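Hello,

Here is the structure I promised to pass on to you. Please have a look through it when you get a moment, and then read my notes underneath.

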Amino acid sequence: MPLLTRMLNAPLSIDVRRGAVASLGDLLADGRIVTSGRVAIAVGPGQGQKIADHVRTSLDACEVFQVDGGTVDAAVDLGGKLRAGQYEAVVGIGGGKTIDATKYAATLSGIPMVSVATNLSHDGICSPVASLEHDNGKGSFGVVMPLAMIVDLDYVRSAPDRLVRAGIGDVVSNFSAVDDWLLAAEAVGERVDRMALTVARTAAEALLHQPKSVESDEFLTVLAEGLVLSGMAMAFAGDSRPASGGDHEIMHAIDQLYPGTANHGELAGLGAAFCYHLRATHLGVGAERLTEILTCLDRHGLPRVPGDVGLSAEQFATAVKFAPETRPGRYTILEHLDLDAAATRAAVDDYVRAYGG
């Protein structure tokens with residue numbers, strides 16, 4: 001009998017609104033995630049402890065753990081504490097680094113995780129991937145996606161403005177990732193999951209055409225939902241393909257070569273714009289999408305050219321040339337063109353001249 005449907009992983013609950021964190025106790029007590037066991041709360045620096053103090057009164061038994069950064073060591077340390085305490089679930093409260101470390105720890109411990117995001121800097125808030133630092137730089141690790149997701153817009157608004165805006169770059173980079181996936185299908189026969197592709201592209205389209213800005217709850221809701229949809233697209237595909245192409249290869253290269261340059265979402269948006277510049281100049285496609293992305297980045301005050309993140313054209317070209325090494329086996333516009341160092345530098349110089357103003 002042919003398989004007519006498939007099971008798709010998705011969170012049990014997605015709650016994006018003002019005051020949403022107040023529902024955390026009810027979410028954990030409704031029997032779907034926690035029955036009678038203890039709950040661990042993992043918090044990072046910033047607002048995490050404040051939220052934990054706010055919700056712990058509604059939980060019968062919980063313990064709060066501090067997560068010391070988004071590193072493999074911090075995640076493994078938390079995982080050991082979760083296993084030792086026989087917790088039934090863990091709640092990760094904070095930004096992307098805290099949530100990624102908590103996802104990894106929950107996966108090691110074999111318990112469900114609830115994500116409570118305090119900023120919208122990238123799609124890790126609800127994805128099956130954890131981006132963590134280790135001795136050799138930063139790597140992406142497969143994890144179980146959060147079982148439930150809460151974004152309280154009151155807390156998001158209290159985060160640094162730069163972190164609120166950064167996620168825009170990560171969502172619009174889905175366009176580049178999707179086109180890289182289709183390019184790989186055409187050039188090397190890679191299989192494309194059209195469901196995952198559709199979800200990733202829909203998230204980016206919704207954000208690109210949202211007329212309001214981060215000052216409005218409407219825009220923040222669309223942004224949060226776009227980040228969640230990006231995470232779900234990766235879960236459907238079984239890897240990061242629908243939300244990570246040449247754009248993220250460039251981001252990872254910058255992280256390795258010039259650590260601390262900018263955050264995830266900012267670099268993803270910049271990488272996506274440059275990848276579309278390569279498409280337009282070398283393949284004769286994507287010029288309209290490039291204009292849309294640059295307009296979006298400019299409207300929301302995000303980096304458009306290397307100088308906006310403190311990189312020279314030479315440094316950015318070095319990162320672009322190195323980028324394919326960050327994701328061996330992934331076929332993107334960068335691998336397709338396979339430009340040498342001189343051609344890469346020429347492409348960067350052309351991009352900066354065209355859009356640096």
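Below is what I found on the domains, the interface between them and the nonpolar cores.

Please keep in mind that this is a predicted model. The domain assignment splits the protein into domain 1 (13–158) and domain 2 (163–356), and their C-alpha centres lie 27 Å apart.

Where the two domains meet, 21 residues of domain 1 are in contact with 28 residues of domain 2. About 2000 Å² is buried between domain 1 and domain 2, with carbon and sulfur atoms giving 66% of that area. On the domain 1 side, Leu-120, Asp-123 and Arg-157 lose the most area to domain 2, together 29% of what that side buries.

There is polar chemistry here too: two salt bridges and nine residue pairs in polar contact cross the interface of domain 1 and domain 2. Strands E1 (13–17), E7 (137–142) and E8 (148–152) and helix H5 (153–158) each give two or more residues to the side of domain 1 that touches domain 2. H5 gives the most, with three residues. You may also like to look at Arg-157, which forms a salt bridge with Asp-217; their closest N and O atoms are 2.9 Å apart.

Now for the packing. The largest nonpolar core has 97 residues, and Leu-120, Val-151, Ile-250, Phe-274 and Phe-316 have the most contacts inside it. Helix H8 (residues 217–237) supplies the largest share of this core, eleven residues, and the core draws at least three residues from each of the two domains. Apart from this core lies another, of 20 residues, including Val-21 and Ala-148.

Happy browsing!

Note on methods
Residues numbered from 1 in each chain as written. Predicted model: local features only at pLDDT ≥ 70, side-chain atom pairs only at ≥ 80, totals over all residues. Heavy atoms only, no water. Core = buried A, V, L, I, M, F, W, Y, C linked by side-chain atoms within 4.5 Å. Buried < 20%, exposed > 50% of the residue type's maximum accessible area, 1.4 Å probe, protein only. Helix = DSSP H or I, 4+ residues; strand = E, 2+ residues; numbered from the N terminus. Domains from an automatic or database assignment. Contact = heavy atoms within 4.5 Å. Buried area = accessible area lost by both parts, 1.4 Å probe. Salt bridge = Lys/Arg side-chain N within 4 Å of Asp/Glu carboxyl O. Polar contact = N/O pair within 3.5 Å; in protein donor to acceptor, adjacent residues only side chain to side chain.
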